Every structure is written in C-alpha cells, then in structure tokens.
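Student: Could you take one part of this structure and go through it slowly with me? I'd like to see what sits around it, and then how that part fits into the rest.

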Amino acid sequence: MTGATGEQARPRWVLPGVGVAAGFIAGLFGVGGGIFIAPGLMLLGGFRQRVAHGTSLATSALFAAAGVVAYALNEAVDVVAASLIFAGSGLGVLAGVELLNRVQVRTLRVAFVMLLAVTAGRMLAGAPEASGELSLTVAVAFGLVGCGVLVGLVAGLMGVGGGVIVVPALVLLFELGDVTAKGTSLLVVLPTAIVGTLRNMRHDNVDLRGALVIGAGGMLSAFGGGLLAGVIPSAVSGRLFAGLLIVIALRMIRDMLREPGQPGRRSKRWGDPGSGPPPAGGDSGRIS
C-alpha cells in the first residue's frame, strides 16, 4: 500500500483498521461511516481527497449492507419509510449538485453545524417515547419524502452522509423507535451509496481494491454494531448518537477554521473554488 508521492508505505493494518472502526460506528448508529472513512484514508492511507471520498462512499455501501442484515434479523427495518426517503433524496441530490456552485458553501456548513448542534441538544434532552412502528398516512408519506429531499440536498452540497439526518428525523419528528430508525437509515444509505459510487467510477474517483480491503475489515464489525444497537437502552443510544453529532460538528468547525483566508493563499481542497488540479505525475493514493 502506498501513500502520496514521496511518502513511505503505510502499514498493512491501516486500511483494515480504519474499516473495523468505521464499520462498527456505521452499524451501531445507522450511518454510512464516511465521515470517518474519508479522513482516515487521507491522513493514514495517503489517499487524495477525491479518491478518498469516492472510495469512502463505496465502502459505505458495504457497511450499510452488513448493518441492514443485522437490523433485519431484529425486524428493525421499515422498508416503506426507507423507500419514501430515498425517493426524496434522489431529487434532492440533483438539486444539491445544481446549487453547489451558486450558494456559499461556508454558509451552508455553518447552517449544518447549527442543525447538528440543535439535534444533539434535543436528543440529549430525551427523545419521545416511541412504539417502534410508523403509522403511515398521506401527511407522513409527504414528510418522509421531504426528509429525503433535505438528505439529498445536504449530500449534494456538502458530501455528508444522510444517516446523521435520517436517524434524528425519524426519532424526533416521526417518533419511530431508535433501533428501527437506524436500520431504516442504513437501508437509505445502501442504494444512495451505490448510485453515488457508480457515478464516481465514471470519473475514476474510486479505488475498488481499497474499498474491498476496508470493507473486509469493517463489514463484520458493522454487523456486530447493528446487533449491539438492539441491546443498548434507547436513552443511552440517544446520548451516544448525540455525542457522535457533536464530534462531527466540531470536526466541521475545525475544518472551517483551518481553511486559508488570507489573500494569495489557495485551498488545498481540490473541489473547493480556487483550488487547482492535482499535481501532474503525482500518486493518486491508490493501493498498489
């Protein structure tokens, strides 16, 4: 395994280790795990940002598939709700991509951090008692599609996985049981990650070998995390999830503070406005 140009080879345990940790988090909290995989690939694996994000999304599909099986064994997946959310997220992604170059990304990041903070505070205050079943009405169906549109917008604009929105929305707004909300979230993540991966492959932004190495290390832990989610008390799980949201918010704040703001300096993020193309002849950070 090689990192960026000029870096020494990384230890062989790095990528499987990232997979084990991210897979467990994905299964336990019903998220894709990409918020941890991409930084791990860049900081520990030497991957470039675009390839790291594309590979992360592909790995999220593997984690979601393993996690969904664990939740399905506990009958904690609402297929109808997941289908309605995904229907909305498909539209939201298209709109998000169109708006990406028209809206101030920093403003969106600040708004998303505020959303995470408010959601974390609400979950720490205690989620409503829920039966674990969703009473589907016309209004609820439209609400789920609307939730999906928001998920798609956030994904298209900021590249953040939908689980951090889907799970709190299902618990706080639709009063779905905590465990079922996580299983349903993973079922939304699965097709979303597959569609995104297919699109990334067209742009050669996916290291399939790397995704398989990471996935092999994390699918079992994702399955275990999904089983553990059914054992942890709802109140404890809610506090843990709130802690996850706070960690994500703090990481986003850190990234915003680290962005260069002085004239003449350019962002190191390839996808950011003003950033240049990757250096010619440089290593892509793929596994060799």
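Tutor: Let's start at D178, which, setting aside neighbours within four places in sequence, is in contact with V171, S234 and S237. Keep in mind as we go that this is a predicted model. D178 belongs to helix α8, which covers residues 178–202. Is D178 buried or exposed? Its relative accessibility is 10%, and the cut-off for buried is under 20%, so D178 counts as buried.

Now look for the partner of D178. The side chains of D178 and K182 form a salt bridge, with 3.4 Å from N to O. The structure has one salt bridge, and this is the one. Both residues are in helix α8, four residues apart, or about one turn of the helix. An α-helix has 3.6 residues a turn, so residues three or four places apart point the same way.

K182 is worth a closer look of its own. With a relative accessible area of 1%, K182 is buried as well. A polar atom of the K182 side chain also lies 3.3 Å from the backbone oxygen of L28. Leaving out neighbours within four places in sequence, the contacts of K182 are L28, F29, G30, Y71, V167 and S237. Notice S237 in that list; S237 is also a contact of D178. S237 is itself among the buried residues of helix α10.

F29, another contact of K182, takes us to the next feature. The structure has one aromatic pair. The ring centres of F29 and F241 are 5.8 Å apart and their planes sit at 65°, so the pair is edge-to-face; the cut-off for that label is over 60 degrees. What parts of the chain does the pair link? F29 is in helix α1 (residues 14–29) and F241 is in helix α10 (residues 234–258), with their positions 212 residues apart. Both phenylalanines are buried.

If you're tracing this on screen, you can follow the trail in steps. D178 meets K182 in the salt bridge, K182 touches F29, and F29 pairs with F241 in α10. Both D178 and K182 also have S237 as a contact.

Next, the two helices that keep coming up. Helix α8 has 25 residues and runs 37 Å from its first C-alpha to its last, close to the 36 Å expected at 1.5 Å a residue. Helix α10 also has 25 residues, and its end-to-end C-alpha span is 36 Å, close to the expected 36 Å. The buried residues of α10 include S237, G238, F241, A242, L244 and L245, and further along I248, A249, M252, D255 and M256. V247 is in α10 too, but at 45% relative accessibility it counts as partly exposed. The C-alpha atoms of V247 and L116 are 9.7 Å apart, although 131 residues separate the two along the chain.

Now for the edges of α8. Before α8, E175 sits in the loop between α7 (163–173) and α8. The phi of E175 is near 55°, a positive value in a residue other than glycine. At 42% relative accessibility, E175 counts as partly exposed. Just after α8, D204 takes a positive phi of about 55°. Elsewhere, E75 has a positive phi of about 55° although it is not a glycine, and E75 lies in the loop between α3 (49–73) and α4 (79–99). What is the exposure of E75? At 72% relative accessibility, E75 counts as exposed.

Finally, zoom out to the whole chain. The protein chain has 10 helices and zero strands. Of its 288 residues, 45% are buried. Among contacts with a separation of 6 or more, 82% come from residues 24 or more positions apart; the F29–F241 pair, 212 residues apart, links distant parts of the chain. The accessible surface comes to about 14100 Å², with 65% of it belonging to carbon and sulfur atoms.

Back at our starting point, then: D178 is buried at 10% relative accessibility, K182 is buried at 1%, and their side chains meet in the salt bridge.

Methods. Residues numbered from 1 in each chain as written. Predicted model: local features only at pLDDT ≥ 70, side-chain atom pairs only at ≥ 80, totals over all residues. Heavy atoms only, no water. Phe/Tyr/Trp six-rings, centres within 6.5 Å; stacked < 30°, edge-to-face > 60°. Helix = DSSP H or I, 4+ residues; strand = E, 2+ residues; numbered from the N terminus. Buried < 20%, exposed > 50% of the residue type's maximum accessible area, 1.4 Å probe, protein only. Contact = heavy atoms within 4.5 Å. Expected span 1.5 Å × (residues − 1). Polar contact = N/O pair within 3.5 Å; in protein donor to acceptor, adjacent residues only side chain to side chain. Areas by Shrake-Rupley, 256 points an atom, 1.4 Å probe, with all protein chains shown as cover. Salt bridge = Lys/Arg side-chain N within 4 Å of Asp/Glu carboxyl O.
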